[in-house]
Amino acid sequence: MRLGFRQLTALMVMAASAWTHMSMISPCPRYNSKGIDCPALPPGEAIDYNESSPIASSGVALQPFCKYTTPWPTPAAQWTAGQSITINFSTYGSEHNGGMCEWSLSYDGGKSFVVINRVLGRCFYDAQNNYVFNYTFTLPANVPGSDSAIFAWSWVNAMGNREFYMNCADVVIKGTSESFSGPQMTILNYPGYPSVPEFMGNYSTGLAYYNNAPTITVFAKANQTGNSTITTMPADPPQSSPPYTMT
Ligand SMILES: [Cu+2]
């Protein structure tokens, strides 16, 4: 069958919506086509029009952690430790009945990520089942300063193909603390990491991985003497963790 322009356009829209999941849009993740106040692309990189796609799906890695490994040449946001930050998400996406969201920081170029906020269970929904596309929380007062920190959102979806999402925005943080300790970012449904099934209404599916995440300490780059280290094992509750939301 020959397809006219209109049918082709309809097919392309269907194909595009099949790729529509969820994306952070502010701070602008690397190369995101829908991002707000995005920096200029690094040389040789292209705009990501599949910005809401997962980095792993059905046991297959589609993209590396952060989606892209080359940082924005200039920061997507400038924050001060202790300030309130608002994180915005695409409103055109598919929320997959929620799932586990984490927001994390890396001070070593993406080798290790320490969690600064979590919404576990029904991320993207409130208690009344309304959509939530904006999360506001406090950047902990004791996160170190850095000219090249990475702020990451990661998500394990509750419903649908087993996926792992991760968007990264390069940010400047002003702060005087030399180190920060918190849970290590949990990675699930990515090759080489544990998998969790569809939640099927059980919103504590996989919760043990989050509760048992080892505590890691990250260091301000200038003071860094090595890679971020795991300082305590899972049995110890994180000492400097923010309050977490279980929705
Ligand atoms: Cu999806």
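In which loop is phenylalanine 124 found? Phenylalanine 124 is found in the loop between β7 and β8, where strands (E, at least two residues) and helices (H or I, at least four) are DSSP runs numbered from the N terminus. The model that places it there is predicted, and local features need a pLDDT of at least 70, side-chain atom pairs count only at pLDDT 80 or more, and totals for chains, interfaces and linings use all residues. Residues are numbered from 1 along each chain as its sequence is written.

The predictor's confidence in each residue is expressed as pLDDT, from 0 to 100; the protein chain averages 88, and 82% of the residues score at least 70. Over residues 5-18 the pLDDT stays under 50, and for this stretch the model has one contact beyond four places in sequence, a contact being a pair of residues whose C-beta atoms, placed from the backbone, lie within 7 Å. Residues 232-244 also have a pLDDT below 50, although in the model this stretch has 24 contacts beyond near neighbours in sequence. Where pLDDT is low, the predicted coordinates should not be read in detail.

The secondary structure of the protein chain comes to two helices and 14 strands. Of its 247 residues, 41% count as buried; a residue is buried if 20 or more other C-beta atoms lie within 10 Å of its own, exposed if 12 or fewer, and partly exposed in between, with C-beta atoms placed from the backbone. Among contacts between residues at least 6 apart in sequence, 72% join residues at least 24 apart.

One part of the strand architecture is an open sheet of three strands in the order β1-β5-β8, with antiparallel pairing; two strands pair if DSSP finds at least two bridges between them. The edge strands are β1 (24-26) and β8 (134-138), each of which pairs on one side only, and the twist averages 35° from one strand to the next, taken between lines fitted to C-alpha atoms, with angles running from 0 to 180 degrees between N-to-C directions. Two bridges join β1 to β5 (residues 84-89) in the antiparallel sense, and serine 26 has asparagine 88 in β5 as its bridge partner. Between β5 and β8, which run antiparallel, there are five bridges, with threonine 86 having threonine 136 in β8 as its bridge partner.

Asparagine 134 lies in strand β8, and it counts as exposed because it has 10 C-beta neighbours inside 10 Å. Leaving aside residues up to four places away in sequence, asparagine 134 touches Thr86, Ile87 and Asn88. Its C-alpha atom is separated by 9.4 Å from that of methionine 24, although the two residues are 110 apart along the chain.

A second set of pairings centres on β9. This strand (144-157) is largely enclosed by the rest of the structure, because 11 of its 14 residues are buried. Eight bridges link β9 to β6 in the antiparallel sense, with glutamate 102 standing opposite serine 154 in β9. To β10 the strand is joined by 10 bridges, again running antiparallel, and tryptophan 155 has tyrosine 165 in β10 as its bridge partner. β9 and β10 form a hairpin with five residues between them, and glycine 160 in the turn has a positive phi of about 100°.

What, then, are the residues with the most contacts inside the largest nonpolar core? They are Leu105, Val114, Phe151, Ala152, Trp155, Phe164 and Met166, within a core of 55 residues, where a nonpolar core is a set of buried Ala, Val, Leu, Ile, Met, Phe, Trp, Tyr and Cys residues joined through C-beta atoms within 7 Å. Strands that each supply at least two residues of this core include β1, β5, β6 (99-106), β7 (114-121) and β10 (163-176). Phenylalanine 151 touches Pro27, Leu105, Cys168, Ala169 and Val171, not counting residues up to four places away in sequence.

Proline 27 belongs to the loop between β1 and β2 (56-57), and the peptide bond leading to it from serine 26 is cis, with omega near 0°. Most residues other than glycine have a negative phi, and most peptide bonds are trans. Histidine 96, in the loop between β5 and β6, has a positive phi of about 50° although it is not a glycine, and it counts as buried because it has 22 C-beta neighbours inside 10 Å. Phenylalanine 124 likewise is not a glycine and has a positive phi of about 85°; with 24 C-beta neighbours inside 10 Å, it counts as buried.

Technical notes. Contact = placed C-beta atoms within 7 Å.
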